[in-house]
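Work through the exercises below with the sequence and the 3D structure at hand. Try each task before reading its solution.

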Amino acid sequence: MPPALRTGRPRRQPPVRTARSRARDGAPGGAPELDPRQACCMVALAAVEVLAGSRPLAQLARWLTPDVYDGLARRAVLTAPGTRVLDAAAGARDLADPPDPAGPTRRPSVRRVRVHRVDAHTVESSVVVAHADRVRAVAVRLSRSTGRWRASALVVG
């Protein structure tokens, strides 16, 4: 080793960063903590798309508890007949409607969201969603378990 590089101190190694510490710090390489407000909006928009028949229900499996998933599945069958909403293999192309001469169908958008933190692991929100020619209210209750938010209650008006 050249004399200029030799020092009396040993080199300090950088700390080992795990995926959990990267996620906690919001650093790249780990999943950053999702804001509950964003999670409520995402769940509400996706639920409205499922009920409209433009999104497969299977895409919401990781965001919903089993009871909420089953309830949304029952309602999707009633409100979106003739679509492949319940088919896990259905893609966006399969679910897309034929082109409408009046113009393309717009995706739903959030008009307003109100979030109330019940405790450290529970959030309740009301989301106003505009879709096509309707405005719908969606109530979402998120519970944090195993490090992520999941909807434990969902009501779409």
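The model is predicted.

**Exercise 1.** Find which residues Leu72 touches, leaving out residues up to four places away in sequence.

Solution. Setting aside residues up to four places away in sequence, Leu72 touches Ala47, Val50, Leu51, Leu57, Leu60, Leu64 and Leu154. Next, place Leu72 in a wider group: Leu72, Val138, Val140 and Leu154 are the residues with the most contacts inside the largest nonpolar core, which has 29 residues. At least two residues of this core come from each of α2, α3, β2, β3 and β4. The largest share, 10 residues, is supplied by α2. As background, nonpolar side chains in soluble globular proteins tend to be buried together.

**Exercise 2.** Decide how helix α2 is oriented relative to helix α3, and list the residues where the two meet.

Solution. Start with the axes: those of α2 (residues 36–52) and α3 (residues 66–79) come within 8 Å and cross at roughly 40°. An angle under 35 degrees would count as roughly parallel, and one of 65 to 115 as roughly perpendicular. The crossing therefore makes α2 oblique to α3. Now the contact itself: from α2 come Ala47, Val50 and Leu51, and they meet Leu72, Arg75, Ala76 and Thr79 of α3. Sorted by class, this contact of α2 with α3 has 5 nonpolar, 1 polar and 1 charged residues. Helix α3 also lies across β3 and β4, and runs at about 40° to β4.

**Exercise 3.** Write down the order of the strands in the sheet, and say which strands stand at the edges.

Solution. The order is β1-β2-β3-β4, an open sheet of 4 strands with antiparallel pairing. Each of β1 (109–119) and β4 has a single partner strand, so these two stand at the edges, with one side left without a neighbour in the sheet. On average, and ignoring direction, neighbouring strands are turned by 25° against each other. For one pair in detail, β1 and β2 are joined in the antiparallel sense over 9 bridges, and Val110 stands opposite Val129 in β2.

**Exercise 4.** Ala132 and Thr146 are not glycines; state the phi of Ala132 and that of Thr146, then decide whether Ala132 is buried or exposed and whether Thr146 is buried or exposed.

Solution. Take Ala132 first: its phi is positive, about 55°. Ala132 sits in the loop between β2 (122–131) and β3 (134–145). With a relative accessible area of 67%, Ala132 is exposed, since the cut-off is over 50%. Thr146 has a positive phi of about 50° and belongs to the loop between β3 and β4 (148–156). Its relative accessible area is 77%, so Thr146 is exposed.

Definitions and conventions:
Residues numbered from 1 in each chain as written. Predicted model: local features only at pLDDT ≥ 70, side-chain atom pairs only at ≥ 80, totals over all residues. Heavy atoms only, no water. Buried < 20%, exposed > 50% of the residue type's maximum accessible area, 1.4 Å probe, protein only. Axes fitted to C-alpha atoms, helices over the stretch in contact; angles between N-to-C directions. Parallel < 35°, antiparallel > 145°, perpendicular 65-115°, else oblique. Contact = heavy atoms within 4.5 Å. Nonpolar A, V, L, I, M, F, W, Y, C, P; charged D, E, K, R; others polar. Core = buried A, V, L, I, M, F, W, Y, C linked by side-chain atoms within 4.5 Å. Pairing = 2+ DSSP bridges.
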